[in-house]
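Hello,

Here is the structure I promised to pass on. My notes follow below it.

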Protein chains: 2
Amino acid sequence: MNISERNNEYKLLIEAELYNAIASCEAPDPLMSAMKYSISAGGKRLRPCLALGVCDMLGGEREMALALGCGIEMIHTYSLIHDDLPCMDDDDMRRGRPSNHKVFGEGQAVLAGDGLLTFAFELMLKKGLEFNSLAYFKAVHEIAKRAGVSGMVAGQSRDLEAENGSLVDENELRYIHVHKTADMLAAAVLAGAYSADADEASINALEKYSEKMGLLFQITDDILDYEGDQALVGKTLGKDEENSKLTYITLYGIEKARQIAAQTAEDAERIVLDAFGTSAEYLIKTVQEMVSRKY
Amino acid sequence: MNISERNNEYKLLIEAELYNAIASCEAPDPLMSAMKYSISAGGKRLRPCLALGVCDMLGGEREMALALGCGIEMIHTYSLIHDDLPCMDDDDMRRGRPSNHKVFGEGQAVLAGDGLLTFAFELMLKKGLEFNSLAYFKAVHEIAKRAGVSGMVAGQSRDLEAENGSLVDENELRYIHVHKTADMLAAAVLAGAYSADADEASINALEKYSEKMGLLFQITDDILDYEGDQALVGKTLGKDEENSKLTYITLYGIEKARQIAAQTAEDAERIVLDAFGTSAEYLIKTVQEMVSRKY
């Protein structure tokens, strides 16, 4: 299997579904423009791709995985808009363009985020009334849980506390990333599983895979940030010169962090290979892509 | 029927359900405290009371109306938290206490709102998996729609534009209030109807009732604001001296606004009396309470 081709196929399906969703949306301007601006900003569409990949692996209903995956993509997008706000991470740029609030103002950016989050549930539920499948509604519940106050929002809240100077140790760092990153990857992977009405053992294996993927995502993110800083500064910063934010690099140093990334990738591959054999090829290649990612 | 007693009975059920929901919530601090702070701030619980009132009128499943009503109350509460933010209405006080962001900071207030919105769906969906009723899931979809980008969030976005100085005419004022206020009242009333698996005719009548209630809510709000201002200033302000915000008072003057309120109340009563006869007593008394409200 050529993973690029597979991802391109998935991306076409996902972009079309997102486009149709937005076309059916009756939001007035500027809300509509603000939502469109961020949802059409592109990106790898990693989460809905994972939903489709798991669904295909298990022979599930693609329509379901697609609807759930696009809901997850909207939720992911809302979280980026709110994350970029001045009162949160205060980022002026996102994916090479001015962030949402720089274009539409803070108030409309808050509402664009609220709108995308609510629209995700509106769409997923609308499809659910057509499918009328309990497994599908289980997936929508799982997504709400992983996106919410014991999932992604919990991770963001703790992360914000950490940035505002409350002490962070390794356990806390792990808590933040499990919830801020891994939970939404798990939501996507499990959405694919529920679309195939998967059994308990498959769901357990996929949950473990998601946890490893979340950790891997974060470590490779920290490594990329570190390498970017190195390239900019042109010299190796001593630990004392770095800012105080705790990352896997400040915690372990760059060499150890690379080792942990490699080990985590191996663990993730092993989990799905043991559970699903060679049919897990897409999930395994997605791990390898993440290890070698350049952005 | 004594409406105060009925409302007290409903409020006890609602507060218990909300309390149980929060007790089951695994949010970490400060997210948890910020959510609790606003959800426990009290208020009339008008929306879940309406859900229960309609459900009882139609002989529906109280458990369903209660779950949906509490979801709606959480969504209403999140909207108040975000509305009070400096980048929105910039209100320091809410229900006689400092607003959420004054206590927890803007970032955590944004997250408390996001958390309550997501938790509402998490809880409503969790109950849905127990009830396993299509009518119930229809109600959850209706709530998402009314709360979302063609409903409440749309109204908020247009309202924010209006406050930032874009021209507002009567149609626009009506658009804002239909979506910002009436839609969530409709969500509550229809949640009660779906809990009783109501027929199309009942649902149509209840939608019209909600529209009138939304308008009534807004006009009485404007009248109360006007009377409050009069009491403060101790004299009648000329129209030129008032600020430029368009309200039903600036649009029609106080006498005409009072007439519209009375007529709207009569319309609302007539709609449910025609559709449901004397069993609509609770809905009728809720109209009368709103006309004579002092806050």
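What percentage of the 295 residues of chain A count as buried? The figure is 53%. Keep in mind that this is a predicted model.

First, the fold of chain A. It holds 13 helices and 2 strands. Its C-alpha atoms fill a box of roughly 60 × 50 × 35 Å along the principal axes. The radius of gyration is 19 Å, which agrees with the value near 19 Å for a compact globule, because that is what 295 residues would give. Of the contacts in chain A with a separation of 6 or more, 75% join residues 24 or more positions apart.

Next, the interface. Chain A and chain B each put 46 residues into the contact. On the side of chain A that touches chain B, the elements giving two or more residues are helix H2 (31-39), helix H6 (106-131), helix H7 (134-147) and helix H8 (152-163). H6(A) supplies the largest share of that side, with 16 residues. By type, the residues of that side are 25 nonpolar, 12 polar and 9 charged.

Last, H2(A). This helix is among those that touch chain B. Its buried residues are A:Leu31, A:Ala34, A:Met35, A:Tyr37, A:Ser38 and A:Ile39. What do they pack against? Within chain A, the partners are helix H1 (3-23), helix H4 (62-84), helix H5 (100-104) and H6. From chain B, helix H8 (152-163) joins them.

Best wishes

Notes
Residues numbered from 1 in each chain as written. Chains lettered and ligands numbered in written order. Predicted model: local features only at pLDDT ≥ 70, side-chain atom pairs only at ≥ 80, totals over all residues. Contact = placed C-beta atoms within 7 Å. Helix = DSSP H or I, 4+ residues; strand = E, 2+ residues; numbered from the N terminus. Nonpolar A, V, L, I, M, F, W, Y, C, P; charged D, E, K, R; others polar. Rg over C-alpha atoms; globule rule 2.2 N^0.38 Å. Buried ≥ 20, exposed ≤ 12 C-beta atoms within 10 Å, placed from the backbone.
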